[in-house]
Amino acid sequence: MSPYIKFIHCADLHLDSPFQGLAVKEPSLADRFKYSTNEVFVKIIDLCLAEKVDFLTIGGDTFDGVDRSLRAQILLRDQFERLQQAGIPVIVVAGNHDPLSEWVTEIRFPPNVHLLSGDHVEAVPVAKGGNVISTIYGISYKVRDTRENLSLKFKRERKDTLSIGLLHANVGSRVEHEPYAPCTINDLRSANMDMWLLGHIHTPDVISKDPLMLYPGNIQGRHIHEDGPRGCYLITVDADQKTSYEFKPVQNIVWKCEEVNIEKTSTLLELVDLLSDRSEEGLANLTNGEKGIVTRWRLTGSSP
């Protein structure tokens, strides 16, 4: 029987990503939120250390684009070094925002970090106490515009303790996302993996429970259409290979869309008071060390 395994999967970090719309509409807010995405990644590393995980997987789009700052590169290296000191490996796959063609960084990462090849599906063993507890299969994007069904390259060749597929892909051809590495759930199943850890879709979603296939979503919503909790998954596998998973929200900024009925509101001042009360209520309910809320209100009901 396999040993107890615990790990964290995240994806779509988009380090250095701007908060869309804020720079134009509210420059002061844009300055406050500028580094929130980077700071959220530190929360994930904190969680890895607190949970004493066996490894961390990152499912693509670590950076937001080719114009990555030195600040983001140093942040990434420093956080990886924290895991190196704790003996925690990191397996990273490159996606469409950070293809291997753009992974020429000025910073050298510590030896616990494995960036997967784009030439073929790599099989990376992860050991614990001298025993291999998992094998992670994955392939990176060589270039941004990767439209090939990369899942067809995966094949479990041997009896691994725990076989994990790591891929940045659009499973099920979701129209709201670009069709990078498009595939189907059946394509993934045919590779005979024990589970699939995915990236590219920004909303957390468990698309299959047997075998487990999940998107953790991005780690920080960047605009009003990325509302709700954002974070990573903590996944455990017990000695009987029973898998459990828990979503861990880590966002600094909460994006929310709410309806407000103003039928009983007769003046503009009353409306301002009503929305101010809603704001105070929302701030009072912040958790997980969040810094603030961006809310879009949709006013309903007939009012003067």
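Me: Is Glu 148 buried, partly exposed or exposed, and what is the relative accessible area of Glu 148?
Reply: In this predicted model, the side chain of Glu 148 meets that of Lys 153 in a salt bridge. Buried means under 20% relative accessible area and exposed means over 50%, with partly exposed in between. Glu 148 therefore counts as partly exposed, its relative accessible area being 42%.

Me: What is the N to O distance in the salt bridge of Glu 148 and Lys 153?
Reply: Lys 153 is partly exposed, with a relative accessible area of 41%. A salt bridge requires a side-chain nitrogen of Lys or Arg within 4 Å of a carboxyl oxygen of Asp or Glu. The side chains of Glu 148 and Lys 153 satisfy this rule at an N to O distance of 3.2 Å.

Me: Which residue forms a salt bridge with Glu 39?
Reply: Glu 39 is partly exposed, at 33% relative accessibility. The closest N and O atoms of the salt bridge are 2.5 Å apart. The pair links distant parts of the chain, 252 residues apart, with Glu 39 in helix 3 and its partner in the loop between helix 6 and strand 14. That partner is Lys 291.

Me: Which residue forms a salt bridge with Arg 174, and where does that residue lie?
Reply: The closest N and O atoms of this salt bridge are 2.8 Å apart, and the partner of Arg 174 is Asp 205. The two belong to distant parts of the chain, 31 residues apart, with Arg 174 in the loop between strand 7 and helix 5. Asp 205 is partly exposed, at 26% relative accessibility. The place of Asp 205 is strand 9, residues 205-209.

Me: What distance does helix 3 reach from its first C-alpha to its last?
Reply: Helix 3 covers residues 36-51 and has 16 residues. At 1.5 Å a residue, a span of 22 Å is expected. The model is close to that value, with a reach of 23 Å.

Me: Which residue just after helix 3 takes a positive phi?
Reply: Most residues other than glycine have a negative phi. Just after helix 3, phi is about 50 degrees, and the residue concerned is Lys 52.

Me: With which side chain does Asp 54 make a polar contact of 3.3 Å?
Reply: Asp 54 lies in the loop between helix 3 and strand 2. It is buried, with a relative accessible area of 12%. Leaving aside neighbours within four places in sequence, Asp 54 is in contact with residues including Tyr 4, Ile 88 and Val 126. The polar contact of 3.3 Å joins the side chain of Asp 54 to that of Lys 128.

Me: What is the relative accessibility of His 14?
Reply: His 14 lies in the loop between strand 1 and helix 1. Its phi is positive, at about 50 degrees, although His 14 is not a glycine. His 14 counts as buried because its relative accessibility is under 20%; the value is 1%.

Me: Which residue does a cis peptide bond join to Asp 210?
Reply: Most peptide bonds are trans. Here omega is about 0 degrees, and the bond is cis. The residue joined to Asp 210 lies in the loop between strand 9 and strand 10; it is Pro 211.

Me: Which residues form a nonpolar patch on the surface with Leu 268?
Reply: Leu 268 is found in helix 6, residues 268-284. It is exposed, with a relative accessible area of 64%. The patch has about 320 Å² of accessible area together, and the residues that join Leu 268 in it are Leu 269 and Val 272.

Note on methods. Residues are numbered from 1 along each chain as its sequence is written. This is a predicted model: local features need pLDDT of at least 70, side-chain atom pairs count only at pLDDT 80 or more; totals for chains, interfaces and linings use all residues. Side-chain values use heavy atoms; hydrogens and water are left out. Patches are made of residues with over 30% relative accessible area and no salt bridge: like charges are joined within 9 Å, nonpolar side chains (Val, Leu, Ile, Met, Phe, Trp, Tyr) within 5 Å. Accessible areas come from the Shrake-Rupley method with a 1.4 Å probe; for residues, only the protein chains shown count as cover. Helices (H or I, at least four residues) and strands (E, at least two) are DSSP runs, numbered from the N terminus. Buried means under 20% relative accessible area, exposed over 50%, partly exposed in between (1.4 Å probe, protein chains only). The expected span of a helix is 1.5 Å times one less than its number of residues. A polar contact is a pair of N or O atoms within 3.5 Å; within protein, one must be able to donate a hydrogen and the other to accept it, and residues adjacent in sequence count only if both atoms are side-chain atoms. Contact means heavy atoms within 4.5 Å.
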